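Me: I have a structure open and would like to learn how to read it. Could you take me through some features, one by one?

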Amino acid sequence: MQYKDYYKVMGLARDASADEIKRAYRKLARKYHPDVSREAQAEERFKELGEAYEVLRDPQKRAAYDRLGSSWQSGQEFTPPPEWHGGGFGFGPDSEGADHRFSDFFETLFGHAFHSGARPSTTMQRGQDQHSRIAITLAEAYSGATRTLHLTTPDWRVGGAGAQRERKLQVRIPAGVVPGQQIRLAGQGSPGVAGGPAGDLYLDVALQPHPLLQVEGRDVYLTLPITPWEAALGGQITVPTLGGQVDVRIPAGSQSGQKLRLKGRGLGSANPGDQYIVLQILTPPATTAAARETYERMARELPFNPRSHMEV
Amino acid sequence: MPDQATAVTATVLDDNVTFSLAQLCELLGLDRDDLVACVQEGLVEPRGIQPQTWSFPGQALKRLHQALRLKQDLEIDLGGAILAVELLEEAERLRMRIRTLEMLLGTGR
């Protein structure tokens, strides 16, 4: 077990006042809150912060922690002193920290978050909800998917503090899910207490990047490269969509940046979005004499000033 | 680790799913008055006139979860939490817009 320097986690001196502790928590919580932060380690940092604050804001816990002394280094191998009585700081499932899983270091010093000196609650309570994220491909969002999730949930029914249960869930994700939407797995959160019902598991859906298609809400965007003659003369072009390839008619006289809409070919089950095709005219390189001659003939025969609106 | 996975079907919290006031109170562990305050502050908008006939779309649950988490974890009031939720949603919309525009301009990847 490693020693945790709670003052370092919160960026505080060991003689910090209660006000300074509160201010530091609020500032760092805004920075690392998983709902707010884009930093890679935000969730881990926020958990550490919550644990540090749980100790330092409580005068009794802080005094006990301070009694360990200031010579410990963060991450140093730690065993509690022989006279340490452990537990006795019980805070039940009503307290703010009840849904957090704290470190072994915390639990050794102060007892498990749920147990008050290893006395389980006898009041019937609904289990905690659990929240997680799931990243799926665009194809899976469109057609539905099955994923196996590995979950670790607290198990109050097993004796002893901090008992965990590992479970495997095979989750069927319905077709038409949209990024940012939430999926609910009823009764798959933490088990209830004293016969209470289990909590729910909520999954926030994120999409893995697709090489061709970009999703915005329910709508899907595709940049479609076309030739100058396809743009000028129009034509039928095969394009990829979520539901498979479709033929699209390019109107004659099309320009780069022009958008074509394929209604109802986006994401969503009840009210699907659309697919937008954004045309991008690509010119063939003039690398051969014949190609140069063709461009020169076009310049002569197709007088055209794309900058006329600039009056230059 | 158990070998057998339990098969479960997920419910997508979209327009097809609705919750009553009582159901949301139970799911969130909230008092009725606290949830009514969330409606009055504009965090979620139910269909129906009277609280007993209110019907909340499935997406409401995510907004409520997020606002309540922010309220508790950041030690801010409900109004501040709602403002944060709205700004986070706006930021996500703009991030998606930027990704789309970068792709269309050929600068994103």
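Me: Let's start with salt bridges. How many does the structure hold over all chains?

Reply: This is a predicted model, and over all its chains it holds 19 salt bridges. One of them joins the side chains of A:E216 and B:R97, at 2.6 Å from N to O. That pair crosses between chains: A:E216 sits in strand 6 of chain A, and B:R97 in helix 4 (residues 78-105) of chain B.

Me: How many salt bridges does the rule find across the interface of chain A and chain B?

Reply: The rule finds three there. Besides the pair of A:E216 and B:R97, look for B:R69 and A:D35, whose side chains meet at 2.7 Å, N to O. Polar contacts can be listed too: 17 residue pairs make them across this interface, with both residues at pLDDT 80 or more.

Me: Which parts of chain A supply the side that touches chain B?

Reply: Several elements each supply at least two residues, including helix 2 (18-32), helix 3 (42-56) and strand 2 (145-154). Strand 3 of chain A gives the most, with seven residues. Sorted by class, this side of chain A has 21 nonpolar, 14 polar and 17 charged residues.

Me: And how do I describe the size of an interface?

Reply: It is often given as the accessible area lost when the parts come together. Here chain A and chain B bury about 4000 Å² between them, and 52% of that is on carbon and sulfur atoms. You can also count residues: 52 of chain A are in contact with 38 of chain B.

Me: Now sheets, please. What is the order of the strands in the open sheet of four strands?

Reply: The general idea is that strands of a sheet pair through backbone hydrogen bonds, either parallel or antiparallel. In this open sheet the order is 1(A)-5(A)-4(A)-2(B), and the pairing is mixed. Strand 1 (130-136) of chain A and strand 2 of chain B are the edge strands, each pairing on one side only.

Me: Which strands there run parallel, and which antiparallel?

Reply: Strand 1 and strand 5 of chain A run parallel, joined by seven bridges. As an example to find on screen, A:R133 has A:D204 in strand 5 as its bridge partner. Strand 4 of chain A and strand 2 (residues 11-12) of chain B run antiparallel, with two bridges between them. In that pairing between chains, A:R184 stands opposite B:T11.

Me: Let me try a single residue. Where does A:Q255 lie, and which residues does it touch?

Reply: A:Q255 lies in the loop between strand 9 (244-250) and strand 10 of chain A. Leaving out residues up to four places away in sequence, A:Q255 touches A:L279 and A:I281. Its C-alpha atom is also 8.9 Å from that of A:P228, although the two residues are 27 apart along the chain.

Me: Last one: where is confidence lowest and highest among the elements of chain A?

Reply: Helix 5 (residues 104-110) has the lowest confidence, at a mean of 82, while strand 10 (residues 259-262) has the highest, at 97. For chain A the mean pLDDT is 86, and 87% of its residues reach 70 or more. Over residues 90-99 of chain A, though, pLDDT is below 50, and this stretch has 24 contacts in the model beyond near neighbours in sequence. Residues 113-119 of chain A also stay under 50, with 18 contacts beyond four places in sequence. Where pLDDT is low, the predicted coordinates should not be read in detail.

Technical notes
Residues numbered from 1 in each chain as written. Chains lettered and ligands numbered in written order. Heavy atoms only, no water. pLDDT = per-residue confidence, 0-100. Contact = heavy atoms within 4.5 Å. Buried area = accessible area lost by both parts, 1.4 Å probe. Salt bridge = Lys/Arg side-chain N within 4 Å of Asp/Glu carboxyl O. Polar contact = N/O pair within 3.5 Å; in protein donor to acceptor, adjacent residues only side chain to side chain. Nonpolar A, V, L, I, M, F, W, Y, C, P; charged D, E, K, R; others polar. Pairing = 2+ DSSP bridges.
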